[in-house]
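Dear colleague,

Please find the structure below, together with its sequence. A summary of what was found in it follows.

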Amino acid sequence: MKPAIPVIPGPEWEALPLPALIADPAGQVRAVNEAAEIWLNLSRRSLIGRPIDDAGMAGRLRIDPALSPFIARTFGMDEPHIQPHVRFDIGDRAGRHQTRMATIHAARAARGTGVTLLIVPDPDADQYKVRTAARSAIGMAEMLAHEIKNPLAGIRGAAQLMAMNASPEDREMAELIVAESRRIVALLDQVERFGDTSPPHLVAVNVHDVLERVRQSAKAGFARDLNVVAEYDPSLPPALADADQLTQVCLNLVKNAAEAITRSNTGGTIRLRSLYDGTARLSGPVSRPLPLQIEIEDDGPGLPAEIADQVFEPFVSGRENGTGLGLALVSKIITDHGAAIRVASRPGRTLFRISLPKIA
């Protein structure tokens, strides 16, 4: 059996990159590392001395299934145990909740005084949301494109006829109808893209060629007044991707970043970064390595807290009059690639990371 972490943790305890707890045989928390405080959104002061399954922590933590029986079984049998698919319902002081999934690795702690619990977050949880968002968007596209677009053309044509012989005041109203109709058609065109089920054309792609094309386009247009920095790893091998679709994804993310910075008048730098991460994988029934990373980072205001967990869902937008379709389309393209995308955001830093397979 692997050596257990002592009950009185030393400096190495805080250095653990994964959330970790120590509980006594009754299930009461005896030690908490910093990573666990951050992941659970609770201080060690509020955790230590409480039963781990206590749902009364100001309503801010619920665990399913309960871990106390799992801890007692691990302690009694004196051998490591694994509990997959543990659901953590984590709240904050404002009453907002988010769900996180993890696998718990447990082993009896040194000197027989407790059980060490290592929380391994489910790496596929975010991608499940991405895949669900993509499927929802496709269904919405089919409905909207067929049910709205055709009658809208009739409305626009009638308004154009009215404008020909109308008074100046009525002509202005008719022209407004035509303009708004065209705007809705453009929106539906964007929605319709979700209905395209043809697979991406996957070939060897130099991600730096894609990023440079995006950077130059941004500097020549919507990001001309911003600092767009390239931080590339020149040793990266080619990715397996569709160059045009990957360009569309990165251009969308950079444009969103530029608009957020400009709208809030905060920050002014967008970083396009590439790197190699040999540990990155796509989890699920078909696991595959995704070592090539593209990161798009900005120093703007961050995503609104109320939508931070839903940004890849269709029709969710933090912008006034935003369609909420850009990131949903991004999620669909990345999902179709068999790749992964994640986002981390706080005021002053928003980071989108795209994980791609390399060419075989």
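Two strands are taken to pair if DSSP finds at least two bridges between them; strands (E, at least two residues) and helices (H or I, at least four) are DSSP runs, numbered from the N terminus. This is a predicted model, in which local features need pLDDT of at least 70 and side-chain atom pairs count only at pLDDT 80 or more, whereas totals for chains, interfaces and linings use all residues. Residues are numbered from 1 along each chain as its sequence is written, and side-chain values use heavy atoms, with hydrogens and water left out.

Strands S1 and S6 run antiparallel and are joined by four bridges; Leu21 has Leu117 of S6 as its bridge partner. Both strands belong to an open, antiparallel sheet of six strands, ordered S2-S1-S6-S5-S4-S3. At its edges lie S2 (29–32) and S3 (61–64), each pairing on one side only.

In helix H4 (residues 68–77), Phe70, Ile71, Thr74 and Phe75 are buried (under 20% relative accessible area, 1.4 Å probe, protein chains only). These four lie on the same side of H4, because they cover an arc of only 130 degrees around the axis (taken from the directions from the helix axis to the C-beta atoms). Their cover includes S1 (20–23), S4 (81–91), S5 (97–108) and S6 (115–121).

The largest nonpolar core (buried Ala, Val, Leu, Ile, Met, Phe, Trp, Tyr and Cys residues joined through side-chain atoms within 4.5 Å) has 38 residues. Cys250, Ile270, Ile294, Ile354 and Leu356 touch the most other members. Helix H8 (243–264) gives the largest share, eight residues.

Yours sincerely

How values were computed:
Buried means under 20% relative accessible area, exposed over 50%, partly exposed in between (1.4 Å probe, protein chains only). Contact means heavy atoms within 4.5 Å.
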